[in-house]
Structure formats: structure tokens, C-alpha cells
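Reader: Could you take me closely through one part of this model, starting from a single residue and working outward through its surroundings? Please give the cut-offs behind each term, as I would like to compare them with my own.

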Amino acid sequence: MLSNLKPQAPDKILMLIEEFKADTRQGKIDLGVGVYKDPQGVTPVMRAVKAAEQRIWESQTTKAYTGLAGEADYRNAMAQMVLKDVPTDRLASLATVGGTGAIRQALELARLANPDFTVYVSDPTWPNHLSIMKFMGVPFVEYRYFDNDTRGVDFAAMKEDIAKAKQGDIVLLHGCCHNPTGANLTLAQWEEVAEILEKSGAVPLIDLAYQGFGDGLEEDAAATRLIAKRLPEVLIAASCSKNFGIYRERTGILFALAENSAARDLSQGSMAYLNRQNYSFPPDHGARIVSTILTDEALRADWAAELEEVRNSMLGLRAQLASELRDLSGSDRFDFIAEHRGMFSRLGATPEQVAKLKSEAAIYMVGDSRLNIAGLNKDTVPVLARAIIDAGI
Ligand code: PMP
């Protein structure tokens, strides 16, 4: 049986990690994998996470199963964090295995509700979106998003494309900090997106994986809140991997905002059913860390402060890189790096130029020229800026 299996194409980013490890050159720079790194190159455990873990260790008396949808404390705290004004009578929620699990369960839920649906995704998007849909056999079409000339959003093209989504279709949107481009919509543009979806009846699925990494915890949730206020049905897949730095704990959540409380109850039942069919109970440890932090004033304040340090360090690196490139190129054509938000920016370089950065300067980034800003520090920014100019980008 097992010898009938076909080899699977390896994940490109994971391959890049292996290649980077094997590179023996001094001063090599990894801008590939999407984890936050401090100036020393370490992905730290946040102070509040350590403190919460200690509290859990001291107070937890059982490891018996939780609920199929996860603990209510976690789901309520996350609903507060993401939506602020929570329409409790319309909101179903499900603890999931990371943000990835939330996306998978959102697509499963959409399919249960309407087997004949198409997903609209940005071109480009996080590659896992596409691979999950291919694996599930869910049809998808790409909507135009990134303008390679301005390195911003081609909003006119995006509007034209998402307007083609019909009732029962899903439009997948990045709530903030678009991965892989770093280019985002303004709130006024989000209003227009809401209007288009209102007209068509297509349902937005908002992927919120970087709340707190862009303009701040509240600011990064503003688009999601705006959509949730205006539309009758919204799916939200949120991840705690980045903003709590608990990547390996696999902590995510799916929200389904339904038209009314009866549809909410139906959604809640179907969501718990989906967890049951997939892995039964969702992981608890990461969720408990999150709810411990969010429901304790002091822990929450300390976590929010550390998250601000993380966010500001990335903004500082963006400003420094844009400024170095302005000096070296004698132009403002790299200013988009300071405008972009989140951990990533797409440089808009060709695959040959990306290969040149690797072979000549030992700088590793994803083949589509996505670079992880958090992989830099004050000393490596000038090295990257020089290499970008030398590679003719
Ligand atoms: N969506 C996007 C756009 C992401 O970049 C990520 C993390 N790389 C996720 C979702 C989900 O992350 P996780 O499953 O690790 O929580």
C-alpha cells in the first residue's frame, strides 16, 4: 500500500531553511522563514507567556479533556481582542490547531453549508491557502492584488475581481499585514470592499495572523471589525502564533458571525462537529496561556508592551532600510518598504535577482522576493541595502 504513495513536493520555505543551515559562509542572513526574531536572531518566549505558564503549572489540577470547541474563557477573550464589541447572539467560535487549522475548518464549514462554492484569493497569497484548497479540491480563483510597479495594492483591479464573487462564494482577505507582500488596504478601501460584498452576498473569510504586528493591536483589528459591523455573515480565522510568540503550541480560533442566533447555533454545532471529525479536542495549553494573559490586567499590559517593542523594532528596521536604499539608489523607489506593514515585504525582484542575493551575498529570501524584516538587525540592514543595489533590483 504505502509504496503506492507519490512523492510530495517539499515546502519551498522549509527547503530554504535547510539550504541556509548548510551554507558555511560567515555573515549569512536568513530573511526566509516567517518567525519573528529579535536583533540577536532569537525567537524569544514572551515574558507574559512564561509567567502564564508558571501560573498554569501551579494551579492546574487536571489534564482531562476540554470542550470540543475549546474552553469558553479562551474563545471569549479572543472574541474581545479581535472584535471588541462582540455580537454574542450571532457569534460562533471554535478553538483550532493554529491559524492554519482555523482556515482549514473555515473552508470545511463553508463546504458543509454550500458544497458548490468558489474561493477568491489574492494574487499573491500565503502559499498554504492555495495548497489547502488544492488538497481539499475546493475551486479557487485569484483576484489581482499586488501592483509590481508601485509595490502597493492595485485596488481598482482588486475591486473589479472580487465583485465577480457570488452569493455563497468566499472571498479570502488578509485582515492586516498581508503575507507575502506587506501591502495593505486603507480603511476607506475596506469600506468599499464591504460594500461590494454587501451587494453580492459573498462571504468574507478574514485571515488575521498578525494582529499587533502592523499598526497596533486595535488598529490591526479595525478592518475586521468594520467588516463584522457591516456584513451579515463573516468568517474569521485568527492565529496566536505570532502575536503571542507561541508558534509551536498551535493556537488559533475560527469565528463564524451568523445572520441570527438560530444560524449561530447551527454554525456552533457544525464547527464542533468538524473538530470532532478531524482531531476531536483542540490543543489546550496555548489557548490557556492566551486566556490567562488576556484576562489578567498586569499580564495583559506586560504582553501588550512587549508586543509593541516587537512591532516598533520592525518599523525601525523598515525605516532604516528604506533610508539606506534612498541614499544608495538616489531615488525614492524603495520607500514602499517603510509603508508596508507586518513582518514581510515583497521587493518585486526577479527570481534571478533573488538567486544572485543568495549566491553573491549569502542573503536568503523566498523566491518571490518576500523578505522577513524581522530577520534583519541594525548591522545587517546596510549589508542588505548594498546587496539589493548590487543585484540590480
Ligand atoms: N495565515 C497567514 C497569512 C500566515 O502567514 C500564517 C502563519 N505563517 C497563518 C495564517 C497561520 O499560522 P499558524 O498556523 O502557525 O497559526
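Author: Arg 250 counts as buried because it has 20 C-beta neighbours inside 10 Å; the term buried applies when 20 or more other C-beta atoms lie within 10 Å of a residue's own, exposed when there are 12 or fewer, and partly exposed in between, with C-beta atoms placed from the backbone. This is a predicted model, in which local features need pLDDT of at least 70 and side-chain atom pairs count only at pLDDT 80 or more, while totals for chains, interfaces and linings use all residues. Residues are numbered from 1 along each chain as its sequence is written.

The backbone of Arg 250 also deserves a look, since its phi is near 60°, a positive value in a residue other than glycine. Arg 250 sits in the loop between β9 and β10, where helices (H or I, at least four residues) and strands (E, at least two) are DSSP runs numbered from the N terminus.

Just past that loop, β10 (251-257) is mostly covered, with 7 of its 7 residues buried. In a regular strand the side chains alternate between the two faces of the sheet. In β10, Thr 251, Ile 253, Phe 255 and Leu 257 point one way, whereas Gly 252, Leu 254 and Ala 256 point the other way, and all of them are buried.

On either side of β10 there is a paired strand, pairing being called when DSSP finds at least two bridges between two strands. With β9, which runs antiparallel to β10, there are 6 bridges, and Val 234 stands opposite Leu 257 of β10. With β2 the pairing is again antiparallel, over 7 bridges, and Ala 92 has Ala 256 of β10 as its bridge partner.

These strands belong to an open sheet of 7 strands, in the order β2-β10-β9-β8-β7-β3-β4, whose pairing is mixed. Because β2 (91-97) and β4 (140-144) stand at the edges with a single partner strand each, one side of each is left without a neighbour in the sheet. From one strand to the next the twist averages 25°, where axes are lines fitted to C-alpha atoms, for helices over the stretch in contact, and angles run from 0 to 180 degrees between N-to-C directions. Helix α3 (residues 72-83) packs on this sheet and touches β2, β8 (203-208), β9 (234-239) and β10, its direction making about 110° with that of β2; contact here requires that the C-beta atoms of two residues, placed from the backbone, lie within 7 Å. Further along the strand order, β3 (residues 119-123) and β7 (residues 170-174) pair in the parallel sense over 2 bridges, and Tyr 120 has Val 171 of β7 as its bridge partner. Helix α6 (residues 155-162) lies across β3, β4 and β7, running at about 150° to β4.

Finally, there is the ligand, around which 13 residues lie, with Gly 98, Gly 99, Thr 100, Ser 239 and Ser 241 coming nearest; a residue is near a molecule or strand if its C-beta atom, placed from the backbone, lies within 6 Å of it. Helix α4 (residues 98-113) supplies the largest share of this shell, 3 residues. By class the shell has 3 nonpolar, 9 polar and 1 charged residues, with Ala, Val, Leu, Ile, Met, Phe, Trp, Tyr, Cys and Pro counted as nonpolar, Asp, Glu, Lys and Arg as charged, and the others, Gly among them, as polar.
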